[in-house]
Amino acid sequence: MGTTCKSIPGRLGLGPGIPDNPLSLSWHDSAWIPILNTTNVMDYFSERSNPFFDRTCNNEIVKMQRLNPEQLQNMTGLEYVLLHVQEPILYVIRKQHRHTPSQVTPLADYYIIAGVVYQAPDLASVLNSRLLSAVHHIQSSFEECAGFSRYHPSKGYFWDFKSQKNAPDKAKTKEEKPKEESSSLFQRQRVDMLLGELIKQFPLPQPPQPKVTVAPIKTEPENGTPEHKEVPKVEVKQEKIKPPPEKKPKV
């Protein structure tokens with residue numbers, strides 16, 4: 001069926017030795033991606049090869065008994081619901097525990113981007129990742145500063161930045177950087193569509209039109225009563241042009 005489940009080691013600051021972490025997994029079925037839409041996205045998510053789908057949920061019971069999906073609101077227990085849709089690329093599915101028809105407890109969120117399923121990280125994982133990243137960069141800065149520290153009996157401790165021992169290494173890393181891949185046709189079309197929607201919501205201001213004043217003109221018709229006709233009068237600004245200075249003859 002073309003199903004694939006990949007592990008992403010080191011994601012969110014976590015080590016590669018934790019394969020059971022759901023935040024480091026992704027899953028997709030290439031046979032479903034071309035036909036994926038709002039009506040069948042829940043069937044796609046409930047595939048047996050999807051590691052994020054729990055077979056003991058109420059969705060599986062409704063599917064096996066061929067009941068109406070609206071019966072989920074009258075059941076209690078674990079269920080999956082379609083939370084947000086942004087066709088054709090983004091679908092958000094929520095895993096929740098239903099206590100009553102009006103009371104549920106969210107457990108996890110999953111997002112499907114271009115047919116690939118990921119689990120959305122919780123707040124604790126995001127904070128843990130940011131803290132680990134900040135501590136790593138601070139530690140690296142202290143280690144780099146310690147490399148420029150020098151000591152001399154007559155001068156004491158001082159900083160020596162002229163040696164620049166790390167300059168050749170930095171030049172090599174810049175040369176070895178791979179070239180960035182160009183954008184795909186799908187990305188360009190998506191960006192053009194978003195820019196068009198922004199222009200419709202926030203149109204560009206139009207330039208101001210020139211002012212036209214109307215001056216009345218008196219005319220005498222045949223019956224002798226004067227009539228006034230309005231003639232458009234256009235204001236034209238005239239700028240005074242200074243003549244060039246006179247050249248004085250050389251003596």
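Biologist: Let's start with charged pairs, please. How many salt bridges are there?

Modeller: The count comes to 4 salt bridges. Please keep in mind that this is a predicted model. To read such a pair, look at the gap between the side-chain nitrogen and the carboxyl oxygen, which has to be within 4 Å. R55 and E60 pass, with their side chains meeting at 3.7 Å, N to O.

Biologist: Are R55 and E60 buried or exposed?

Modeller: One of each of two classes, as it turns out. R55 has 27% relative accessibility and so counts as partly exposed. E60, at 10%, is buried, because buried means under 20%.

Biologist: Which residue forms a salt bridge with R94?

Modeller: That partner is D109, and the closest N and O atoms of the two are 3.0 Å apart. Next, ask where the two ends sit. R94 belongs to strand 4 (residues 90–100) and D109 to strand 5 (residues 103–113), so this salt bridge ties together parts that are 15 residues apart in sequence. R94 is partly exposed, with a relative accessible area of 22%, and D109 is partly exposed as well, at 23%.

Biologist: What about R150? Which side chain does R150 meet in a salt bridge?

Modeller: R150 meets D160, at 3.8 Å from N to O. Here the pair links a strand with a loop: R150 is in strand 7 (residues 149–152), while D160 is in the loop between strand 8 (156–159) and helix 4 (167–175), 10 residues apart. Both ends are partly exposed: R150 has a relative accessible area of 22%, and D160 also has 22%.

Biologist: You keep naming strands and helices. How many of each does the protein chain have?

Modeller: There are 5 helices and 10 strands. Helix 2, at residues 58–65, is a good one to inspect for its inward side. An α-helix has 3.6 residues a turn, so residues three or four places apart point the same way. In helix 2 the buried residues are N58, N59, E60 and V62. E60 is the residue that forms a salt bridge with R55.

Biologist: What do the buried residues of helix 2 pack against?

Modeller: They pack against helix 1 (41–45) and strand 3 (77–86). Also look just past the end of helix 2, where R66 takes a positive phi of about 55 degrees.

Biologist: Now a polar residue in a strand. Is Q96 in strand 4 buried or exposed?

Modeller: Q96 lies in strand 4 and counts as buried, at 6% relative accessibility. When you find a buried polar side chain, look for its partner. The side chain of Q96 is joined to that of E79 by a polar contact of 2.8 Å. Leaving out residues up to four places away in sequence, Q96 touches G77, L78, E79 and V81, as well as V104, T105, P106 and L107.

Biologist: And aromatic rings? How many aromatic pairs does a search of the whole structure find?

Modeller: The search finds 10 aromatic pairs. Read each by centre distance and by the angle between the planes. Y111 and Y118 are stacked, at 5.4 Å centre to centre with 25 degrees between the planes. Y111 is buried, with a relative accessible area of 19%. Y151 and Y157 form a tilted pair, at 4.7 Å and 50 degrees. Y151 is exposed at 53%, and Y157 is exposed at 68%. Rings can also join into a group: F45, F52, F53, Y80 and Y110 form one aromatic cluster.

Biologist: Zooming out, what share of the 251 residues is buried?

Modeller: Buried residues make up 19% of them. The protein chain exposes about 20600 Å², and carbon and sulfur atoms supply 58% of that area. For links along the chain, take the contacts with a separation of 6 or more: residues 24 or more positions apart account for 34% of these.

Biologist: Finally, what pLDDT does the protein chain average?

Modeller: The average is 78, and 67% of the residues score at least 70. Over residues 9–19 the pLDDT is below 50, and this stretch has 17 contacts in the model beyond near neighbours in sequence. Where pLDDT is low, the predicted coordinates should not be read in detail.

Methods:
Residues numbered from 1 in each chain as written. Predicted model: local features only at pLDDT ≥ 70, side-chain atom pairs only at ≥ 80, totals over all residues. Heavy atoms only, no water. Buried < 20%, exposed > 50% of the residue type's maximum accessible area, 1.4 Å probe, protein only. Helix = DSSP H or I, 4+ residues; strand = E, 2+ residues; numbered from the N terminus. Contact = heavy atoms within 4.5 Å. Areas by Shrake-Rupley, 256 points an atom, 1.4 Å probe, with all protein chains shown as cover. pLDDT = per-residue confidence, 0-100. Polar contact = N/O pair within 3.5 Å; in protein donor to acceptor, adjacent residues only side chain to side chain. Phe/Tyr/Trp six-rings, centres within 6.5 Å; stacked < 30°, edge-to-face > 60°.
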